[in-house]
Amino acid sequence: MTEELSSLLARARSAVQPLAEEIGAEEVAAFEPLAWHESLADLPVLNLDDVSAIPFLVDIEGVEEYQHRARLRAGDGDLFAAGTPQNETYERYCRERLCLGAAEYVFAPAKSNPLAVAEACGRGAAFERIAARAREAQGLVVHPYMGIEAVWELGRRLAEATGVRIGVIGPPPPITWAANDKGTFSELVTRVLGSDYLVETIPGANIDELARSLTELAKRHQRVALKRLRCASAMGNAVFSAAAVERLSKETLENEIRVFLARTEWDGEEEVLAVAWEETELSPSTQLWIPPLGSGEPRLDGIYEQILQGKRRIFVGSRPSGLSRPCHRDLAQSSLRVAAGLQALGYVGRCSFDFLVIGDPRGDPDGDFVVRFVECNGRWGGTSTPMSLLDRLLDGPRPPYRAQDFVHADLIGVEFGEILDAVGDQAFDAAT
């Protein structure tokens, strides 16, 4: 890392101090006894992918199976938990073909919300097994998908029940939500980099304000949108053409907004963002790891192009970026500076930033372009999980690859073992 970049990261950490004061040092300090640090690095890890705090995922068919992604982080002596049964053929594949180690599965069925695996780990046989493992090892680390309240509560209960060292790899809940809330994250970007790194945005807290903001933005942009603050994968977006906004009466536009707010279960109080919807197909993401403050600088692990579908640009996968070197430099440096700001607030763990690139840095490497932050994903996700899996499987640099949802009518309901039998020797084998 150059001396210039180190200086920029230090300035980024200083720039967010007013935001840290707004969040509240006492509120963050309450989680300090469970904060992860390097002295806990040799302890076994409980991996769990609790996505219950992401709105609307519960309506996706089969989404509870996402919990089994936690297996891909687990190794020898570790635990991983899920609320649905383990597929024994898949587990053999993970151990014998992928060489991911002998991790122990903990069955943690939820009482109501099938996604709430952290809460389920805090009771019954699941809690007793996790606590027993912590006592055996004289400590345990919890590595969640996202640093939500239920995860830290699980850590607190384990510490009280066992009396051994317990740590959580993740940001405390106030910092988790500062990162994942689009409004607070925009404030952080502005403090670190300036407003030029954001699309034009007008927050509003009622339907009349939002209608006026969309009308104002439609005078300057071909398309505009509404964004809820904490939704993922474009599920909280509504996109309008400028022509449609100008054509609609005030009453009709307000009704369109009312329908959107009802669909996204707005509570009537949380701010909603009216934004310019930039005309670009380029939406890269940067993948980072953020260590605790004082334990090293944030690390950039990759730059990817997101594969997006439909009018609302729903995420379906990713591939390594083919954008120009100057564009990569801008994405990398701006990401590291913002990550340093998050680190100063108390963020720890996996993190990614979504961008828009306006211009053509792929077709014309010397052409003009600008980058704009869209949001922070303060959690694991659909790009970081396969990226990190490849790092476990392969020696040396990652090869070009594409990770994408694939649905074929003939494969629906087919067991994993049947697919392995059909693929044969073409199934991935870590040994070769």
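Which helix does Ser 335 lie in? Here are some notes to help you find your way around, starting with that residue. Keep in mind that this is a predicted model.

1. **Ser 335.** This residue belongs to helix H13, which covers residues 325–345. Its relative accessibility is 0%, so Ser 335 counts as buried. The side chain isn't without a polar partner, though: it makes a polar contact with the side chain of Thr 286, at 2.8 Å. If you skip the neighbours within four places in sequence, Ser 335 is in contact with Thr 286, Leu 288, Phe 353, Phe 355 and Phe 373.

2. **The largest nonpolar core.** Have a look at this one next: it has 46 residues. Leu 46, Leu 48, Cys 121, Ile 130, Leu 140 and Leu 158 are the ones with the most contacts inside it. Both strands and helices give two or more residues to this core. The strands are E1 (45–48), E2 (79–82), E4 (139–144) and E5 (165–168). The helices are H5 (117–121), H6 (124–137) and H7 (149–162). Helix H6 gives the most, with 5 residues.

3. **Ile 130, a good place to stand in that core.** Which residues does Ile 130 touch, not counting those up to four places away in sequence? They are Leu 46, Leu 79, Val 106, Cys 121, Leu 140 and Leu 158. Leu 46, Cys 121, Leu 140 and Leu 158 also turn up among the residues with the most contacts inside the core.

4. **A second core.** Ile 130 touches Val 106, among others. Elsewhere there is a second, separate core of 40 residues, and Ala 178, Val 192, Ile 290 and Ala 339 are among its members.

5. **Helix H8.** How many of the residues of helix H8 (173–180) are buried? The count is 8 of 8, and the helix is mostly covered. Going along it, you meet Pro 173, Pro 174, Ile 175, Thr 176, Trp 177, Ala 178, Ala 179 and Asn 180. The cover over these buried residues includes helices H2 (17–23), H3 (25–29), H7, H9 (182–193) and H13, along with strand E14 (369–377). H13 is the helix that holds Ser 335.

6. **Pro 173.** This proline is found in helix H8. With a relative accessibility of 2%, Pro 173 counts as buried. Leaving out residues up to four places away in sequence, Pro 173 touches Phe 31, Gly 147, Ile 148, Glu 149 and Trp 152. If you'd like a distance to check on screen, the C-alpha atoms of Pro 173 and Arg 191 are separated by 21 Å, and the two residues are 18 apart along the chain.

7. **Salt bridges, beginning with Asp 49 and Arg 69.** The structure holds 27 salt bridges. In one of them Asp 49 pairs with Arg 69, and the closest N and O atoms are 3.8 Å apart. Both residues lie in the loop between E1 and E2, so the pair ties together parts that are 20 residues apart in sequence. Is Asp 49 buried or exposed? Asp 49 is buried, at 1% relative accessible area, whereas Arg 69 is partly exposed, at 22%.

8. **A salt bridge within H7.** Glu 160 and Arg 156 meet through their side chains, 2.6 Å from N to O. The two are 4 residues apart in helix H7, so about one helical turn separates them. In an α-helix, residues three or four places apart point the same way, because there are 3.6 residues a turn. Glu 160 counts as exposed at 59% relative accessibility, while Arg 156 counts as partly exposed at 35%.

9. **Arg 398 and Asp 391, and a network.** These two form another salt bridge, with the closest N and O atoms 2.7 Å apart. Arg 398 is partly exposed at 28% relative accessibility, and Asp 391 is partly exposed at 39%. There is also a network in which salt bridges with shared partners join Glu 104, Arg 129, Arg 133 and Glu 136.

10. **A nonpolar patch on the surface.** Finally, which residues form the nonpolar patch with about 360 Å² of accessible area together? The patch is made of Phe 406, Leu 411, Ile 419 and Val 423. Val 423 is found in helix H15, residues 416–423. At 35% relative accessibility, Val 423 counts as partly exposed.

Note on methods: Residues are numbered from 1 along each chain as its sequence is written. This is a predicted model: local features need pLDDT of at least 70, side-chain atom pairs count only at pLDDT 80 or more; totals for chains, interfaces and linings use all residues. Side-chain values use heavy atoms; hydrogens and water are left out. Buried means under 20% relative accessible area, exposed over 50%, partly exposed in between (1.4 Å probe, protein chains only). A polar contact is a pair of N or O atoms within 3.5 Å; within protein, one must be able to donate a hydrogen and the other to accept it, and residues adjacent in sequence count only if both atoms are side-chain atoms. Contact means heavy atoms within 4.5 Å. Patches are made of residues with over 30% relative accessible area and no salt bridge: like charges are joined within 9 Å, nonpolar side chains (Val, Leu, Ile, Met, Phe, Trp, Tyr) within 5 Å. Accessible areas come from the Shrake-Rupley method with a 1.4 Å probe; for residues, only the protein chains shown count as cover. A salt bridge is a side-chain nitrogen of Lys or Arg within 4 Å of a carboxyl oxygen of Asp or Glu. A nonpolar core is a set of buried Ala, Val, Leu, Ile, Met, Phe, Trp, Tyr and Cys residues joined through side-chain atoms within 4.5 Å.
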